[in-house]
Amino acid sequence: MLSKRLEQAINEQIKNELYSGYLYLAMAAQCESMNLKGFAHWLKVQAKEELGHAMRLYDFVNDRGGRVVLEAIEKPPVEYPSLQAMFTTVLEHEQKVTVLINKLYEMAKEENDYPLQVHLQWFIEEQVEEEKNPTEILAMLKLTGEGGNGLLMLDSKLREREEE
Ligand code: MG
């Protein structure tokens with residue numbers, strides 16, 4: 001059985017993952033409006049992944065006899081001044097999520113909740129990827145700039161991202 005403290009902390013993380021999805025979907029919407037279909041596709045795949053992260057935690061709470069409570073999700077920003085600004089936000093957001101996951105893991109250790117520690121290992125590994133991807137996209141954006149053929153090539157490369 002999950003402790004009330006851990007149950008609450010996981011519910012908070014479910015909200016954080018759903019917010020991540022909302023944030024990336026809002027970014028996708030801006031890219032659609034700029035006709036950057038590849039960027040929009042990449043961000044939509046990412047948004048779906050975030051829903052998957054939330055669902056892993058949702059199922060875990062239920063499997064442990066806890067009660068999922070969904071908290072309010074805040075409104076994400078509507079517009080970024082540039083793609084570099086957008087992907088800097090992605091990177092910074094994922095760095096924050098990493099800290100939150102690590103804190104949750106610490107809490108699970110304090111309470112000797114072994115199943116939660118094991119469950120969170122997947123998330124700890126996933127965060128490596130989640131920080132790596134926007135770092136790589138930012139590096140490419142710096143090379144291509146935000147216009148011309150370079151940007152179109154990057155857009156078609158991002159279009160290739162497969163759903164997991
Ligand atoms: Mg996530």
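1. In this predicted model, the residues that donate to the magnesium ion follow the spacing E-x32-E-x2-H along the sequence. The protein donors are E17 through OE, E50 through OE and H53 through ND1, and they lie 2.1 to 2.2 Å from the magnesium ion. E17 belongs to helix α1, which runs over residues 4-33, while H53 belongs to helix α2, residues 37-63, so the pair ties together parts that are 36 residues apart in sequence. E17 and H53 are both buried. A reader who looks for further ligands should keep in mind that water is not among the atoms, so the site may look incomplete.

2. Turning to the nonpolar interior, the largest core has 24 residues, and within this core F39, L43 and F87 are the ones that touch the most other members. Helices α1, α2, α3 (83-110), α4 (114-144) and α5 each supply at least two residues of this core, and the largest share, six residues, comes from α1.

3. L43 deserves a separate look. Leaving aside residues up to four places away in sequence, L43 touches Y24, M27, A28, C31, M86 and F87. A second, separate core is also present, with 18 residues that include L6, F60, V68 and Y105.

4. Which residues of helix α5 are buried? They are L151, L154, D155 and L158, and because they cover an arc of only 105 degrees around the axis, they sit on the same side of α5. A general point about helices helps here: an α-helix has 3.6 residues a turn, so residues three or four places apart point the same way. On the other side of α5, N149, L152 and M153 are exposed, whereas the buried residues of α5 are covered by elements that include α2, α3 and α4.

5. L151 offers a closer view of that buried side, since this residue, found in helix α5 (residues 148-158), has a relative accessible area of 8%, and is therefore buried under the 20% limit. When residues up to four places away in sequence are not counted, L151 touches L36, F39, L83, L141, T144, G145 and E146; among these, F39 is also one of the residues that touch the most other members of the largest nonpolar core. By contrast, L151 and K15 are 136 residues apart in sequence and 33 Å apart in space, taken from C-alpha to C-alpha.

Notes
Residues are numbered from 1 along each chain as its sequence is written. This is a predicted model: local features need pLDDT of at least 70, side-chain atom pairs count only at pLDDT 80 or more; totals for chains, interfaces and linings use all residues. Side-chain values use heavy atoms; hydrogens and water are left out. Donors are N, O and S atoms within 2.8 Å of the metal (3.2 Å for Na, K and Ca); water is not among the atoms, so sites may look incomplete. Helices (H or I, at least four residues) and strands (E, at least two) are DSSP runs, numbered from the N terminus. Buried means under 20% relative accessible area, exposed over 50%, partly exposed in between (1.4 Å probe, protein chains only). Contact means heavy atoms within 4.5 Å. A nonpolar core is a set of buried Ala, Val, Leu, Ile, Met, Phe, Trp, Tyr and Cys residues joined through side-chain atoms within 4.5 Å. The arc is that of the directions from the helix axis to the C-beta atoms.
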